[in-house]
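Have your viewer ready with a cartoon view and a way to select residues by number. We will go from one stop to the next, and at each one there is something to select and look at.

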Amino acid sequence: MITWTEALGFALALVMVWCSIRELHWSWPLAFLSSLLYFFVFKDSLLYAEAGLQLVFALLALWGWWQWRRLGDNNAPVWVIQRLPRRGWWLTGATLAVLWPSIAWLLMQYTDSDVAWADALPTALSLIGQTLLGRKYLENWLIWIVVNVFSVGLFAYKGLWLTTALYLLFIGLSVMGWREWQKRLATP
């Protein structure tokens with residue numbers, strides 16, 4: 001059953017991703033609101049890592065908004081679209097190797113989650129993706145594609161059909177974001 005919380009979170013999340021693709025800083029306040037709504041959706045579905053992630057997303061949205069609004073010399077944005085360096089890929093892999101099993105362990109120890117490992121993977125990847133998005137690394141979109149593909153199956157398993165549809169849309173929007181940011185990266 002679709003709740004008003006899920007429906008409103010769905011709408012805000014779609015607009016938020018569209019704004020992120022366009023590099024509009026308004027994506028961050030929308031992310032904040034959508035995350036708070038989805039906290040309740042996921043908590044009620046026993047997806048505790050996803051629920052906790054939404055609270056972290058709300059905090060990261062405040063950080064991201066601040067990052068994207070920062071100005072440097074000549075009133076130019078501090079962060080511009082850039083590629084993740086090789087060291088960043090290694091750090092991303094190491095972070096995932098620590099976060100995924102740690103989150104899964106916490107879920108198995110302290111909750112009644114019936115999908116601890118499946119809940120922990122997109123949660124860990126989402127934390128990485130959100131951090132890369134905040135610093136405008138192009139590769140954030142690749143992380144989001146993986147998160148979204150995996151999440152479609154997880155949310156379908158849990159019967160969250162509107163959220164499943166949202167994440168199917170997110171896959172296409174993430175591909176669109178990747179392409180759009182690639183164009184902007186090439187443009188001086």
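Before the first stop, one term: the bend at a residue is the angle between two axes, one fitted to the seven residues ending there and the other to the seven starting there. Keep in mind, too, that this is a predicted model.

**Stop 1: helix α6**

Select residues 140-157, which make up helix α6. Where is the kink in α6 centred? Look at Ser151: the kink there is about 25 degrees. Now check the length of the helix. At 1.5 Å a residue, its 18 residues should span 26 Å, and because the end C-alpha atoms lie 26 Å apart, the two values agree.

Next, show the side chains of the buried residues in α6, among them Asn140, Trp141, Ile143, Trp144 and Val147. Further along, Asn148, Ser151, Val152, Leu154 and Phe155 are buried as well, so the kink centre at Ser151 is itself a buried position. Step past the end of the helix to Gly159, which follows α6 and has a positive phi, near 75 degrees.

**Stop 2: helix α5**

Move to α5, residues 116-134. Is α5 largely enclosed or not, and why? Of its 19 residues, 15 are buried, so the rest of the structure largely encloses this helix. The length works out here too: 19 residues at 1.5 Å each should span 27 Å, and the end C-alpha atoms are 27 Å apart, which agrees. Just after α5, select Lys136, whose phi is positive at about 60 degrees.

**Stop 3: the nonpolar core**

Color Phe42 and Trp141, the residues with the most contacts inside the largest nonpolar core, a group of 47 residues. Helices α1, α2, α3, α5, α6 and α7 each give two or more residues to this core, and the largest share, 8 residues, comes from α2. As background, nonpolar side chains tend to be buried together in soluble globular proteins.

**Stop 4: the cavity**

Now select Met16, Val17, Phe57, Trp144 and Phe170, which lie nearest the centre of the largest cavity among its 21 lining residues. The elements giving two or more residues to this lining are α1 (4-21), α2 (27-44), α3 (48-69), α5, α6 and α7 (161-186). Which helix gives the most? That is α2, with 5 residues. The cavity has a volume of about 330 Å³, and its lining has 13 nonpolar, 8 polar and no charged residues.

**Stop 5: the largest pocket**

Select Leu84, Leu91, Thr92, Thr131 and Leu132, which lie nearest the centre of the largest pocket. Its volume is about 300 Å³, and 14 residues line it. Both α4 (86-110) and α5 supply at least two of them, with α4 giving the largest share, 6 residues. By class, the lining divides into 8 nonpolar, 4 polar and 2 charged residues.

**Stop 6: the second largest pocket**

Finish with the second largest pocket, of about 150 Å³. Select its lining: Glu23, His25, Trp68, Pro77, Trp79, Val80, Ile81, Lys136, Arg184 and Leu185. You have met Lys136 already, as the residue with positive phi just after α5. By class, this lining holds 6 nonpolar, 1 polar and 3 charged residues.

Notes. Residues numbered from 1 in each chain as written. Predicted model: local features only at pLDDT ≥ 70, side-chain atom pairs only at ≥ 80, totals over all residues. Heavy atoms only, no water. Helix = DSSP H or I, 4+ residues; strand = E, 2+ residues; numbered from the N terminus. Expected span 1.5 Å × (residues − 1). Buried < 20%, exposed > 50% of the residue type's maximum accessible area, 1.4 Å probe, protein only. 1 Å grid on protein atoms, 1.4 Å probe; cavity = no way out; pocket = protein on both sides within 12 Å on 5 of 7 lines; lining within 4 Å. Points joined across faces, edges and corners; volume = space filled by probe spheres on them. Nonpolar A, V, L, I, M, F, W, Y, C, P; charged D, E, K, R; others polar. Core = buried A, V, L, I, M, F, W, Y, C linked by side-chain atoms within 4.5 Å.
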